[in-house]
Amino acid sequence: MMTVAWALLAVLVLVLVPRLGAEEIKIIGRDFAFDAPATLGAGVTTFVFENPGIVRHEMIIVLLRQGVTEQHIKDAHQGGITMRKLMGQFGDGEILGILLAMPGQSSSGKLIVNLVRGRTYLIICQLEAPEGAPRHNLLGMYTTFRTE
Ligand SMILES: [Cu+2]
């Protein structure tokens with residue numbers, strides 16, 4: 001009887017575990033732009049981050065408030081907005097997470113986000129590398145994606 005129970009448990013683990021963050025999405029952070037899908041499915045999603053560039057990059061994921069579009073974000077960047085102001089004006093809550101990657105490497109960690117259907121998310125790098133240079137988002141290192 002115990003053997004049957006363990007066998008059932010093993011089957012459950014095999015069936016259920018891959019569903020946790022099953023959808024793995026690779027985001028590429030270049031000097032200075034992101035390659036990311038324009039739309040993603042809702043649900044638990046695992047993000048990995050790859051940096052083929054020559055400077056260090058990050059990818060921060062932010063849920064945007066309802067009604068905020070990529071154009072709002074573009075316009076804000078034209079005005080040289082800071083990350084703090086960007087979050088205050090357009091963010092829905094805190095940042096969802098962050099991954100960092102050294103030049104020519106992938107992030108050592110992954111980020112699991114439960115994406116909500118019908119929303120817009122921002123991916124942004126606001127690092128200042130090399131030091132004293134403009135922050136990467138002001139050089140174009142941001143993008144948005146929609147969920148469906
Ligand atoms: Cu960057």
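# Exercises on a predicted chain

Read along the sequence, the chain runs α-β-β-β-β-β-α-α-β-β-β-β-β. The model is predicted. Work through the tasks below with the structure in view.

## Exercise 1: Take stock of the chain

Task: State how many helices and strands the chain has, and what share of its residues is buried.

Solution.
- Step 1. Count the elements: there are three helices and 10 strands.
- Step 2. Turn to burial. The chain has 148 residues, and 26% of them are buried.
- Step 3. Look at the contacts with a separation of 6 or more. Residues 24 or more positions apart account for 72% of these.

## Exercise 2: Lay out the five-stranded sheet

Task: Give the order of the strands in the open sheet of five, and say which stand at the edges.

Solution.
- Step 1. The order is β3-β10-β9-β5-β6, and the pairing is mixed.
- Step 2. Find the edges. β3 (39-40) and β6 each have a single partner strand, so one side of each lacks a neighbour in the sheet.
- Step 3. Start at β3. Two bridges pair β3 with β10 in the parallel sense. Here threonine 39 stands opposite arginine 146 of β10.
- Step 4. Move to β5. Four bridges join β5 to β9, and the two run antiparallel. Isoleucine 60 has isoleucine 124 of β9 as its bridge partner.
- Step 5. Finish at β6. β5 and β6 are antiparallel too, joined by five bridges. Methionine 59 stands opposite leucine 99 of β6.
- Step 6. Add the general rule: strands of a sheet pair through backbone hydrogen bonds, either parallel or antiparallel.

## Exercise 3: Explain the setting of β5

Task: Explain why β5 is largely enclosed by the rest of the structure.

Solution.
- Step 1. Apply the cut-off: a residue is buried if 20 or more other C-beta atoms lie within 10 Å of its own.
- Step 2. Check the strand. Seven of the seven residues of β5 are buried, so β5 is largely enclosed.
- Step 3. Sort them by direction. His57, Met59, Ile61 and Leu63 point one way, while Glu58, Ile60 and Val62 point the other way. All are buried.

## Exercise 4: Find the centre of the largest nonpolar core

Task: Name the residues of the largest nonpolar core that touch the most other members.

Solution.
- Step 1. The core has 27 residues. Those touching the most other members are Met59, Ile61, Val62, Tyr121, Leu122, Ile123 and Ile124.
- Step 2. List the elements that give two or more residues: β4 (43-51), β5 (57-63), α3 (83-90), β6 (97-101), β9 (120-124) and β10 (142-147).
- Step 3. Pick out the largest share. β5 gives five residues.
- Step 4. Follow one member. Beyond residues up to four places away in sequence, isoleucine 124 touches Ile60, Val62, Asn137, Met141 and Tyr142.

## Exercise 5: Place threonine 143

Task: Is threonine 143 buried or exposed?

Solution.
- Step 1. Threonine 143 lies in strand β10.
- Step 2. Count its surroundings. There are 20 other C-beta atoms within 10 Å, so threonine 143 is buried.
- Step 3. Leave aside neighbours within four places in sequence. Threonine 143 then contacts Phe34, Ala36 and Ile123.
- Step 4. Compare sequence and space. Aspartate 35 is 108 residues away along the chain, yet the two C-alpha atoms are separated by 8.3 Å.

## Exercise 6: Locate two cis peptide bonds

Task: Where are phenylalanine 32 and proline 130 found?

Solution.
- Step 1. Phenylalanine 32 is in the loop between β1 (23-30) and β2 (33-35). Its peptide bond from aspartate 31 is cis, with omega near 10°.
- Step 2. Proline 130 is in the loop between β9 and β10. A cis peptide bond joins alanine 129 to proline 130, with omega about 0°.

Notes:
Residues are numbered from 1 along each chain as its sequence is written. This is a predicted model: local features need pLDDT of at least 70, side-chain atom pairs count only at pLDDT 80 or more; totals for chains, interfaces and linings use all residues. A residue is buried if 20 or more other C-beta atoms lie within 10 Å of its own, exposed if 12 or fewer, and partly exposed in between; C-beta atoms are placed from the backbone. Two residues are in contact if their C-beta atoms, placed from the backbone, lie within 7 Å. A nonpolar core is a set of buried Ala, Val, Leu, Ile, Met, Phe, Trp, Tyr and Cys residues joined through C-beta atoms within 7 Å. Two strands pair if DSSP finds at least two bridges between them.
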